[in-house]
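Student: I have a new structure to read. Can we go through it feature by feature?

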Amino acid sequence: MLIHFICRGNVLRSLVAETYLKSLNLPNIQTMSSGTNVDFTIPQEREFFSNTQALLNRNGILRFAKTEPNQLTQKRIDSSDVTVIVNQRAYDEAKLLVTLPQNTVVLEIVDIGEGDRVVANGNRQSLEDTIYSELTTTVDGLVQNLNLSKS
């Protein structure tokens, strides 16, 4: 089974979800992630990706991470068995790019810079840690709901 996580830039939320699920080493489970608006030539996007690599390293799962983000394509959607999009904003953007399966799962994981998740006074790492916790809890729930074995 291939589980595909989608966010906007593929530099934080979908990357964390993909990497965490890979780290669980579930039998017969593959995972990938994409973004609706990936441009790795932008220095800020590279910085955000680097920040996420540090986050994954702090949590001991960096070795499971990919080395660069991927743009969402129809081919990536078509190869997926389960499609998970991190929030409504990313879902709305994805619908403009690809035809999504009817059973697409839409989460409610707010990104940094959205809602009340504003970087101020050096709190970016705290926001990343919060998002990491939300995502790992959500992925654990997904594993349970899909009856995937952790053994």
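Tutor: Start with a sorting rule: Ala, Val, Leu, Ile, Met, Phe, Trp, Tyr, Cys and Pro count as nonpolar, Asp, Glu, Lys and Arg as charged, and the others, Gly among them, as polar. Keep in mind that this is a predicted model.

Student: How many residues of each class line the largest pocket?

Tutor: The lining has 8 charged, 6 nonpolar and 4 polar residues. That lining is made of 18 residues. Arg8, Gly9, Glu45, Phe48 and Asp111 lie nearest the pocket's centre. The space inside is about 310 Å³.

Student: Next, the core. Which residues have the most contacts inside the largest nonpolar core?

Tutor: Core residues must be buried, and buried means under 20% relative accessible area. Here the largest nonpolar core has 43 residues, and Ile3, Phe5 and Leu21 have the most contacts inside it. At least two residues of this core come from each of strand 1 (2-7), helix 1 (13-23), helix 2 (43-58), strand 3 (82-85), helix 4 (88-97) and helix 5 (124-145). Helix 5 gives the largest share, 7 residues.

Student: What is isoleucine 3 in contact with?

Tutor: Set aside its neighbours within four places in sequence. Isoleucine 3 then contacts Leu21, Ile29, Gln30, Thr31, Met32, Val82, Val84, Leu142, Leu146 and Leu148.

Student: Two of those sit in strand 3. Which way do the residues of strand 3 point?

Tutor: Val82 and Val84 point one way, and Thr83 and Ile85 point the other way. All of them are buried.

Student: How many bridges join strand 3 to strand 1, and how many to strand 4?

Tutor: Look at bridges and direction together. Strand 1 and strand 3 run parallel, joined by 4 bridges. Isoleucine 6 has isoleucine 85 of strand 3 as its bridge partner. Strand 3 and strand 4 (residues 105-106) also run parallel, with 2 bridges. There, valine 84 is the bridge partner of valine 105.

Student: Now helix 1. Is this helix mostly covered or mostly open?

Tutor: Count its buried residues. In helix 1, 10 of the 11 residues are buried, so by the under 20% cut-off the helix is mostly covered. Among the buried ones are Arg13, Glu18, Tyr20 and Leu21.

Student: What covers the buried residues of helix 1?

Tutor: The cover includes strand 1, strand 2 (30-35), helix 2 and helix 5.

Student: Which residue with a positive phi follows helix 1?

Tutor: Asparagine 25 does, and its phi is near 50°.

Definitions and conventions: Residues numbered from 1 in each chain as written. Predicted model: local features only at pLDDT ≥ 70, side-chain atom pairs only at ≥ 80, totals over all residues. Heavy atoms only, no water. 1 Å grid on protein atoms, 1.4 Å probe; cavity = no way out; pocket = protein on both sides within 12 Å on 5 of 7 lines; lining within 4 Å. Points joined across faces, edges and corners; volume = space filled by probe spheres on them. Core = buried A, V, L, I, M, F, W, Y, C linked by side-chain atoms within 4.5 Å. Buried < 20%, exposed > 50% of the residue type's maximum accessible area, 1.4 Å probe, protein only. Contact = heavy atoms within 4.5 Å. Pairing = 2+ DSSP bridges.
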